[in-house]
Amino acid sequence: MAIVLGGNQYGKAENRVVRIYRDSPRHEIKDLNVGSALRGDFAAAYTDGDQRKVLPTDSQKQTIYAYAKEKGIETIERYGLDLAHHFVDEYEPVTGARIEIDEYAWERVVVDGREHDHSWVRKGQEVRTAEITVDGVGAAQRSWVIGGLKDLVVLKSTGSEFHDFLEDKYTILQPTSDRVMATSLVAKWRFVGTDIDWDETYLGVKRLILERFATVHSLALQQTLYEIGKAILEAYPLIAEVRLSAPNKHHFVYDLSPFGLENPNEVFHADDRPYGLIQAIVARDDAPEAGPAWDPHLAWLV
């Protein structure tokens, strides 16, 4: 029996980058959390402690901040591609790089009915995400981009049912034809290619998510997720697949009968745990292979 080193990677996680554009009296802001991970010929660093091929994680951090100025941050997808290509193209031992980015949105403070030029208040609706992977060198090099969002909390007070489910001796859940449905949605979509209007696509996908959540009469959260993914793929040919994760934020009708009160779906107990976790992949049947696009790094070993 031999003991061997398996897959490995290393990088700098959770670099909090804030870029202020001061080109005019009306400033602009980009607020990011950026992680990097490099793969390549690093076996000796693990087996022998030989660091000669290792680009320090501190150097990765410095590059992340320097590129915020040198390349700018027009969109997180473009910024991530610039970083990933830099690490793979500039350093021979590196054969693959992955950049993961969260973007926190801000909106301008309004003073006397006008937007202020350099003051903002944090928007709390959702966090925009991007995952960029560059793998290989020269003519064999390929790039993948995954757009997404997380922490999109949505609720509908009716238009949702759940009944006719499988029952066993432990089932006490009562079927319902009218319930509150709420979730904190995570959605990710894999692009085909990199010649994309990133901002337009993000806003359009988010709009479709909200529209389908609101308008689909849901017989189950599973059905809603499928309809969301289907709508995105129908609208955007340059998206190959959509991955959705939705914790079911349960709202239970509260029993007011001890107080002589009726409760026709008006007062609820919002229960945050335990929760149902519904997940789905909706894809084109002819979608190109994903390669390493979905390989995580920040929680790689968990």
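**Exercise 1.** In this predicted model, determine whether Phe259 counts as buried or exposed, and describe its surroundings.

*Solution.* Phe259 has a relative accessibility of 55%. The cut-off for exposed is over 50%, so Phe259 counts as exposed. Next, locate the residue in the chain: Phe259 belongs to the loop between β9 (239-253) and β10 (268-283). Finally, consider the surface: together with Tyr254, Leu261 and Val267, Phe259 makes a nonpolar patch of about 410 Å².

**Exercise 2.** State how many aromatic pairs there are, and classify the pair of Trp189 and Tyr202.

*Solution.* The count comes to 4 aromatic pairs. In one of them, the ring centres of Trp189 and Tyr202 are 6.2 Å apart and the planes stand at 40 degrees. Planes under 30 degrees apart count as stacked and those over 60 as edge-to-face, so this pair is tilted. Trp189 lies in strand β8 (residues 181-191) and Tyr202 in helix α4 (residues 198-215), so the pair ties together parts that are 13 residues apart in sequence. With relative accessibility of 1%, Trp189 counts as buried; Tyr202, at 6%, counts as buried too.

**Exercise 3.** Classify the aromatic pair formed by Phe191 and Trp198.

*Solution.* The centres are 5.0 Å apart, and the angle between the planes is 85 degrees. The pair of Phe191 and Trp198 is edge-to-face. Phe191 is buried at 5% relative accessibility, and Trp198 is buried at 6%.

**Exercise 4.** Identify which ring lies under the charged end of Lys156, and which under Arg243.

*Solution.* The charged end of Lys156 sits over the ring of Phe213, 5.6 Å from the ring centre. Arg243 lies over the face of Trp294, at 3.9 Å from the ring centre.

Conventions:
Residues are numbered from 1 along each chain as its sequence is written. This is a predicted model: local features need pLDDT of at least 70, side-chain atom pairs count only at pLDDT 80 or more; totals for chains, interfaces and linings use all residues. Side-chain values use heavy atoms; hydrogens and water are left out. Patches are made of residues with over 30% relative accessible area and no salt bridge: like charges are joined within 9 Å, nonpolar side chains (Val, Leu, Ile, Met, Phe, Trp, Tyr) within 5 Å. Accessible areas come from the Shrake-Rupley method with a 1.4 Å probe; for residues, only the protein chains shown count as cover. A salt bridge is a side-chain nitrogen of Lys or Arg within 4 Å of a carboxyl oxygen of Asp or Glu. Helices (H or I, at least four residues) and strands (E, at least two) are DSSP runs, numbered from the N terminus. Buried means under 20% relative accessible area, exposed over 50%, partly exposed in between (1.4 Å probe, protein chains only). Rings of Phe, Tyr and Trp (its six-membered ring) pair if their centres lie within 6.5 Å; planes under 30 degrees apart count as stacked, over 60 as edge-to-face and the rest as tilted. A charge sits over a ring if NZ of Lys or CZ of Arg is within 6 Å of the ring centre and within 35 degrees of the ring normal.
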